[in-house]
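Visitor: I would like a close look at the charged side chains of this protein, with the reasoning set out step by step. Please take one part at a time and connect the parts as you go.

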Amino acid sequence: MAHPHSHNGSAPETKGDRHHVHNTDSQRRILNRLSRIEGHVRGVKTMVQNDTYCPEVLIQIAAVRGALDRVARLILDEHLSECVARAAQEGNIEAELQELKEILDRFLP
(Lines give C-alpha, C1' and ligand atoms only; values in the text may rest on other atoms or scores of the structure.)
Protein backbone atom coordinates (compact mmCIF):
# COMPACT_ATOMS: atom_id res chain seq x y z
CA MET A 1 0.00 0.00 0.00
CA ALA A 2 1.33 3.45 -0.90
CA HIS A 3 0.94 6.57 1.17
CA PRO A 4 1.65 10.26 0.59
CA HIS A 5 5.03 11.27 1.92
CA SER A 6 6.39 14.65 2.81
CA HIS A 7 10.06 15.37 3.38
CA ASN A 8 9.34 18.19 5.82
CA GLY A 9 6.44 16.84 7.85
CA SER A 10 3.79 19.00 6.15
CA ALA A 11 1.37 18.14 3.35
CA PRO A 12 2.45 15.60 0.72
CA GLU A 13 5.18 16.95 -1.51
CA THR A 14 4.18 17.94 -5.01
CA LYS A 15 6.16 18.94 -8.02
CA GLY A 16 3.77 20.41 -10.50
CA ASP A 17 0.65 18.31 -10.08
CA ARG A 18 2.41 15.10 -8.99
CA HIS A 19 2.33 13.62 -5.50
CA HIS A 20 5.44 12.04 -4.04
CA VAL A 21 4.36 8.61 -2.80
CA HIS A 22 6.29 5.71 -1.25
CA ASN A 23 5.33 2.08 -0.86
CA THR A 24 4.96 1.56 2.90
CA ASP A 25 6.86 -1.76 2.98
CA SER A 26 9.65 -0.40 0.81
CA GLN A 27 9.96 2.71 2.95
CA ARG A 28 10.17 0.57 6.11
CA ARG A 29 12.93 -1.58 4.58
CA ILE A 30 14.89 1.52 3.52
CA LEU A 31 14.54 3.12 6.95
CA ASN A 32 15.69 -0.12 8.63
CA ARG A 33 18.76 -0.23 6.41
CA LEU A 34 19.52 3.42 7.15
CA SER A 35 19.24 2.74 10.87
CA ARG A 36 21.76 -0.09 10.56
CA ILE A 37 24.07 2.18 8.56
CA GLU A 38 23.72 4.86 11.22
CA GLY A 39 24.82 2.35 13.85
CA HIS A 40 27.71 1.24 11.66
CA VAL A 41 28.87 4.86 11.29
CA ARG A 42 28.79 5.25 15.08
CA GLY A 43 30.93 2.12 15.26
CA VAL A 44 33.45 3.64 12.85
CA LYS A 45 33.54 6.77 15.00
CA THR A 46 34.26 4.64 18.06
CA MET A 47 37.04 2.87 16.16
CA VAL A 48 38.67 6.22 15.42
CA GLN A 49 38.27 7.35 19.03
CA ASN A 50 39.93 4.10 20.15
CA ASP A 51 42.85 4.52 17.74
CA THR A 52 41.93 1.37 15.82
CA TYR A 53 44.43 0.33 13.15
CA CYS A 54 43.78 2.56 10.11
CA PRO A 55 43.26 -0.22 7.53
CA GLU A 56 40.53 -1.72 9.72
CA VAL A 57 38.78 1.66 9.90
CA LEU A 58 39.05 2.07 6.13
CA ILE A 59 37.51 -1.36 5.59
CA GLN A 60 34.56 -0.37 7.77
CA ILE A 61 34.19 2.94 5.90
CA ALA A 62 34.11 0.99 2.62
CA ALA A 63 31.37 -1.20 4.09
CA VAL A 64 29.32 1.87 5.03
CA ARG A 65 29.76 3.33 1.54
CA GLY A 66 28.64 0.05 0.02
CA ALA A 67 25.59 -0.06 2.25
CA LEU A 68 24.69 3.52 1.31
CA ASP A 69 25.08 2.66 -2.37
CA ARG A 70 22.69 -0.28 -1.92
CA VAL A 71 20.11 1.98 -0.24
CA ALA A 72 20.48 4.50 -3.04
CA ARG A 73 19.86 1.70 -5.54
CA LEU A 74 16.69 0.67 -3.69
CA ILE A 75 15.45 4.26 -3.75
CA LEU A 76 16.30 4.61 -7.44
CA ASP A 77 14.54 1.33 -8.25
CA GLU A 78 11.44 2.50 -6.41
CA HIS A 79 11.59 5.88 -8.11
CA LEU A 80 11.75 4.23 -11.52
CA SER A 81 8.97 1.76 -10.82
CA GLU A 82 6.67 4.16 -9.00
CA CYS A 83 7.37 7.82 -9.79
CA VAL A 84 8.59 7.54 -13.36
CA ALA A 85 5.89 5.02 -14.24
CA ARG A 86 3.25 7.31 -12.73
CA ALA A 87 4.64 10.30 -14.66
CA ALA A 88 4.41 8.29 -17.88
CA GLN A 89 0.76 7.45 -17.16
CA GLU A 90 0.03 11.10 -16.38
CA GLY A 91 1.84 12.42 -19.46
CA ASN A 92 4.67 14.09 -17.48
CA ILE A 93 7.44 11.73 -18.54
CA GLU A 94 9.72 14.33 -20.16
CA ALA A 95 9.90 16.50 -17.02
CA GLU A 96 10.38 13.43 -14.83
CA LEU A 97 13.21 12.09 -17.02
CA GLN A 98 14.93 15.50 -17.07
CA GLU A 99 14.78 15.66 -13.29
CA LEU A 100 16.13 12.11 -13.04
CA LYS A 101 19.03 12.97 -15.37
CA GLU A 102 19.90 16.01 -13.25
CA ILE A 103 19.87 13.95 -10.07
CA LEU A 104 21.99 11.18 -11.61
CA ASP A 105 24.52 13.79 -12.79
CA ARG A 106 24.88 14.93 -9.17
CA PHE A 107 24.82 11.41 -7.75
CA LEU A 108 27.21 9.61 -10.07
CA PRO A 109 30.90 10.57 -10.32
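Guide: A salt bridge here is a side-chain nitrogen of Lys or Arg within 4 Å of a carboxyl oxygen of Asp or Glu. In this predicted model, the side chains of Arg73 and Asp77 meet in such a bridge, with 2.9 Å from N to O, and that distance falls within the 4 Å cut-off. Both Arg73 and Asp77 belong to helix 2, which covers residues 54-90, and they sit four residues apart, about one turn of the helix. Asp77 is partly exposed, its relative accessible area being 33%. As a general matter, side chains of opposite charge can pair when their charged atoms come close.

A search of the whole structure finds two salt bridges, and another pair to consider is Arg28 with Asp25, whose closest N and O atoms are 2.9 Å apart. Arg28 and Asp25 are three residues apart in helix 1, so about one helical turn separates them. Arg28 has a relative accessibility of 46% and counts as partly exposed, and Asp25, at 38%, likewise counts as partly exposed.

Helix 1 also contributes to a feature built from like charges. On the surface, Arg29, Arg33, Arg36 and Arg70 gather in a patch of positive charge, and helix 1, spanning residues 24-49, supplies the largest share of that patch, namely three residues. Arg36 is found in helix 1 and is exposed, with a relative accessible area of 56%. A residue needs over 30% relative accessible area and no salt bridge to be part of a patch, and Arg36 meets the area requirement because its value is 56%. Arg28, by contrast, is partly exposed at 46% but forms a salt bridge with Asp25, and therefore cannot be counted in a patch.

These details can be placed in the chain as a whole. The protein chain has three helices and four strands, and along the sequence they follow the pattern β-β-β-β-α-α-α. Of the 109 residues in the chain, buried ones make up 22%, while the area that the chain exposes is about 8,100 Å², with carbon and sulfur atoms supplying 57% of it. Among contacts between residues at least 6 apart in sequence, 39% join residues at least 24 apart.

Notes. Residues numbered from 1 in each chain as written. Predicted model: local features only at pLDDT ≥ 70, side-chain atom pairs only at ≥ 80, totals over all residues. Heavy atoms only, no water. Patch = residues over 30% accessible without salt bridge, like charges linked within 9 Å, V, L, I, M, F, W, Y side chains within 5 Å. Areas by Shrake-Rupley, 256 points an atom, 1.4 Å probe, with all protein chains shown as cover. Lys, Arg positive; Asp, Glu negative; His and termini not counted. Charge placed at Lys NZ, Arg CZ, Asp CG, Glu CD. Helix = DSSP H or I, 4+ residues; strand = E, 2+ residues; numbered from the N terminus. Buried < 20%, exposed > 50% of the residue type's maximum accessible area, 1.4 Å probe, protein only. Contact = heavy atoms within 4.5 Å.
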